[in-house]
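Open the model in your viewer and keep the sequence panel visible. The stops below are in the order in which to select them.

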Amino acid sequence: MSEILKSLSDQGVSVWLDDISRERLSSGNLESLIRDKHVAGVTSNPTIFAAALSKGDAYAAQLHDLAVRGVDVEEAVRAITTYDIRWAADVLKPVYDATGGVDGRVSIEVDPRLARETEKTVAEARALWWMVDRPNQLIKIPATVEGLPAITRALSEGISVNVTLIFSLERYRAVMDAWLTGLERARANGLDLAGIESVASFFVSRVDTEVDKRLEKIGTPEAKALKGKAAIANARLAFAAFEDVMNSPRWQALKAAGAHPQRPLWASTGTKDPSYSDTLYVDELVTAGTVNTMPEKTLDAVADHGRITGDTIRPSYEDAWNAMAALKEVGIDYDDVVRVLEEEGVEKFEASWKELLATVAAELRKA
């Protein structure tokens, strides 16, 4: 058992795995990660499923049956992905029970091609909620402008939601407002708020990738000295915004009615720049009441040599504000950075979804 990951968990950070595959499930690997590496949840996305389908033959039997039944490719993808999510949810059910429904969660994303369409996103969220049919699932809805009302609608109907692709502080505040509104409507609808869970996936490493590229282009010593500062500062200020909401009368009323907080979830925590520590976005984002979802490579790195030294968020708000001010001073346009990142994020997941459809279509033809 990893003592470093235990220390991270003891600090109040829930360790989730950012990966899923039929092979991981059938081999018992997920159980071993829960047992040995404190994994308490799983996230998935179209890129992860596309990778899982592209290697090995773990899906061959199901693909054969889907082909024999003449199922079209879109429904085949739903059948394959929801099967894996159900299986993972069952594996994680003991964690869900032990944590009162807070952890032991498994996320599945709505079709990313619907990211700009509210009504279709709501319909897809309902369909996935019904198809997986597990209390410990989360439906991932992107935090686009059009996704915000879909988040509210889903929560108001008792659907637990993982809000994904959050990059900006302004949008994060809008996400929290959509979440609060959803819970208020759920309460008005007579639903048990204790059964509705939500996390807000704030993307980290991609911010540094985009900002560092711009700093390199600016090229001054002052600009280059700020490389690797933006992502952590942005995430820390997101947590400050979260604390503001947790202290609001609006949240206190929902808390009294049995609601759980919408925990910040640090996503995209694998380090992209090899000159940075491979545990950077874990070590520097430690505080109670958060989730860190890691690809297995990052999980292994943290287990081996992560530096968990206590709370690295709350004591660092002033540093975060100073870093953001310095970035602005050297010419970094924050609003443009987060706009580009959201557009790219949606495009990348759309591309992965199309790749997934193409892979399944090819396998169905072979089967």
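Begin with helix α18, residues 334-366. This is a predicted model, and in it α18 has 33 residues and reaches 48 Å from its first C-alpha to its last. That span is close to the 48 Å expected at 1.5 Å a residue. Now show side chains at the start of α18: a side-chain oxygen of D333 comes to within 3.2 Å of the backbone nitrogen of D335.

**The strands**

Next, select strand β1 (residues 13-17) and strand β2 (residues 39-42). The two run parallel and are joined by 2 bridges. V15 is in β1 and stands opposite V39 in β2. Add strand β3, residues 105-109. β2 and β3 also run parallel, with 2 bridges joining them. Here V42 has V106 of β3 as its bridge partner.

Stay on V15 and display its surroundings. Is V15 buried or exposed? Its relative accessible area is 0%, so V15 is buried. Leaving out residues up to four places away in sequence, V15 touches L5, L8, S9, K37, H38, V39, A40, G41, N292, M294 and L299. For a distance check, pick the C-alpha atoms of V15 and A40: they are separated by 5.7 Å, although the residues are 25 apart along the chain.

Move to G41, in strand β2. G41 counts as buried because its relative accessibility is 0%, the cut-off for buried being under 20%. Beyond residues up to four places away in sequence, G41 touches V15, W16, L17, L92 and R105. Draw a line from the C-alpha of G41 to that of L226, 185 residues along the chain, and the viewer should give 33 Å.

E109 is the stop in strand β3. With a relative accessible area of 6%, E109 is buried. Which residues is E109 in contact with, leaving aside neighbours within four places in sequence? They are S44, N45, P46, L128, K140, T164 and F349.

**The nonpolar core**

Now colour the largest nonpolar core, which has 124 residues. In soluble globular proteins, nonpolar side chains tend to be buried together. Within this core, L8, I141, Y172 and V360 touch the most other members. Helix α13 (residues 230-246) supplies the largest share of the core, 13 residues.

Select I141 and show what lies around it. Leaving aside neighbours within four places in sequence, I141 is in contact with V110, T121, A125, G147, A150, I151, A154, V161, N162, V163 and T164. T164 is also among the contacts of E109.

**The aromatic rings**

Finally, display the aromatic side chains. The structure holds 6 aromatic pairs. A pair of aromatic rings is described by the distance of the centres and the angle of the planes. Zoom in on F239 and F242, whose ring centres are 5.2 Å apart. Why is this pair called tilted? The planes are at 45°, and the class covers angles that are neither under 30 degrees nor over 60. Both residues lie in helix α13, 3 residues apart, about one turn of the helix. F239 and F242 are both buried.

The last selection is Y172, F202 and W266, which ring pairs link into a cluster. Y172 has already appeared as one of the core residues that touch the most other members.

Terms used. Residues numbered from 1 in each chain as written. Predicted model: local features only at pLDDT ≥ 70, side-chain atom pairs only at ≥ 80, totals over all residues. Heavy atoms only, no water. Core = buried A, V, L, I, M, F, W, Y, C linked by side-chain atoms within 4.5 Å. Buried < 20%, exposed > 50% of the residue type's maximum accessible area, 1.4 Å probe, protein only. Helix = DSSP H or I, 4+ residues; strand = E, 2+ residues; numbered from the N terminus. Contact = heavy atoms within 4.5 Å. Expected span 1.5 Å × (residues − 1). Polar contact = N/O pair within 3.5 Å; in protein donor to acceptor, adjacent residues only side chain to side chain. Pairing = 2+ DSSP bridges. Phe/Tyr/Trp six-rings, centres within 6.5 Å; stacked < 30°, edge-to-face > 60°.
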